[in-house]
Amino acid sequence: HKLLLVNGVNLNLLGKREPDIYGHTTLADIEKRLIARAAQYGIELICVQSNHEGKLVDEIQHHGLLADKAAQVDAIIINPAAFTHTSVALRDALLATQKPFIEVHLSNVHARESFRQHSYLSDVAVGVICGLGHLGYQMALTYWLDNLYSITL
Ligand code: DQA
């Protein structure tokens, strides 16, 4: 069993970047905790981050569709960061895989600038979590553990 965690542009800076908005937890910490939790149940969590939209498209295509069936992920957790508000390409890549995904944002995008309130992904996501900081990722993982593998909290 495999899951994919995708983080977009500028999220490599977590911990250093506007900590009042995005918190002090680094991406490495977030990934480490999620990997460990998934591993407890024998599930592999593949983590990718890039500042390049096309690289994210490549990763989603590979893990969601192009890899051998047995190597493909069952579902995706994605924080596309600013690409949320700009990228038809990420939307199309996610749809191409036909893998269910949860959209996560650390901040409450609805309480911020109006340009953050439109997402190219939300209407095709299984769910959207925002405003809960790094715990949002944990909650997305909790959902997939329960929904896909019947592992309850
Ligand atoms: C973000 C929200 C986006 O609007 C912003 O561009 C980000 C991070 C979040 O996690 O809160 O880079 O996705």
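The legends below describe several close-up views of a predicted model.

**View 1. The whole chain, with five helices and five strands.**
Read along the sequence, the elements follow the order β-α-α-β-α-β-α-β-β-α. The C-alpha trace spans about 40 × 30 × 25 Å along its principal axes. For 153 residues, a compact globule would have a radius of gyration near 15 Å, and the 14 Å of the chain agrees with this. Buried residues make up 33% of the 153 residues. Of the contacts with a separation of 6 or more, 72% join residues 24 or more positions apart.

**View 2. Strand β3, residues 75–81, and its surroundings.**
Seven of the seven residues of β3 are buried, so the strand is largely enclosed by the rest of the structure. Both faces of β3 are covered. On one side the buried residues are Ala75, Ile77, Asn79 and Ala81, and on the other they are Ile76, Ile78 and Pro80. Strand β1 (residues 2–9) pairs with β3 in the parallel sense, over six bridges. Within β3, Ile77 stands opposite Leu5. The pairing of β3 with β4 is also in the parallel sense, and it runs over three bridges. Ile78 has Glu103 in β4 as its bridge partner.

**View 3. Val48 in strand β2, residues 44–49.**
Val48 is partly exposed, with 18 other C-beta atoms within 10 Å. Not counting residues up to four places away in sequence, Val48 touches Val6 and Glu59. Val6 and Val48 are 42 residues apart along the chain, but their C-alpha atoms are separated by 5.0 Å.

**View 4. Tyr22 and His105, the residues under the UniProt annotation "active site" (unreviewed entry).**
The two residues are spread over 84 residues of sequence, yet they cluster in space, with a largest C-alpha distance of 9.2 Å. Tyr22 lies in helix α1 (residues 19–22), whereas His105 lies in strand β4 (residues 101–105). Tyr22 counts as buried because 20 C-beta neighbours lie inside 10 Å. His105 is buried as well, with 22 other C-beta atoms within 10 Å. Leaving aside neighbours within four places in sequence, Tyr22 is in contact with Leu14, Arg17, Leu106 and Ser107. With the same neighbours left aside, the contacts of His105 are Asn79 and Cys130.

**View 5. Leu106 and Ser107 in the loop between β4 and β5.**
The strand that follows this loop, β5, covers 127–130. Leu106 is buried, as 23 other C-beta atoms lie within 10 Å. Ser107 has 18 such atoms within 10 Å and is partly exposed. Apart from residues up to four places away in sequence, Leu106 touches Tyr22, Gly23, Gly133, His134 and Gly136. Ser107, with neighbours within four places in sequence left aside, is in contact with Ile21, Tyr22, Arg112, Cys130 and Gly131. Tyr22 thus appears in the list for Leu106 and in the list for Ser107.

**View 6. The residues around the ligand.**
The shell consists of Asn10, Asn79, Ala81, Ala82, Thr84, His105, Leu106, Ser107, Val109 and Arg116. By class, four of these residues are nonpolar, five are polar and one is charged. Asn79 and Ala81 belong to the shell, and both are buried on one side of β3. The shell also includes His105, a residue of strand β4. Leu106 and Ser107 are in the shell too; Leu106 is buried, while Ser107 is partly exposed.

**View 7. Residues that UniProt places under the feature "binding site" (unreviewed entry).**
The record lists Asn79, His85, Asp92, Leu106, Ser107 and Arg116. These residues span 38 residues in sequence, and the farthest two C-alpha atoms are 24.3 Å apart, so they do not all gather at one spot. Asn79, Leu106, Ser107 and Arg116 are in the record's list and are also among the residues around the ligand.

Conventions: Residues numbered from 1 in each chain as written. Predicted model: local features only at pLDDT ≥ 70, side-chain atom pairs only at ≥ 80, totals over all residues. UniProt positions renumbered as here; feature names shortened; annotations may be inferred. Helix = DSSP H or I, 4+ residues; strand = E, 2+ residues; numbered from the N terminus. Buried ≥ 20, exposed ≤ 12 C-beta atoms within 10 Å, placed from the backbone. Contact = placed C-beta atoms within 7 Å. Near = placed C-beta within 6 Å. Nonpolar A, V, L, I, M, F, W, Y, C, P; charged D, E, K, R; others polar. Rg over C-alpha atoms; globule rule 2.2 N^0.38 Å. Pairing = 2+ DSSP bridges.
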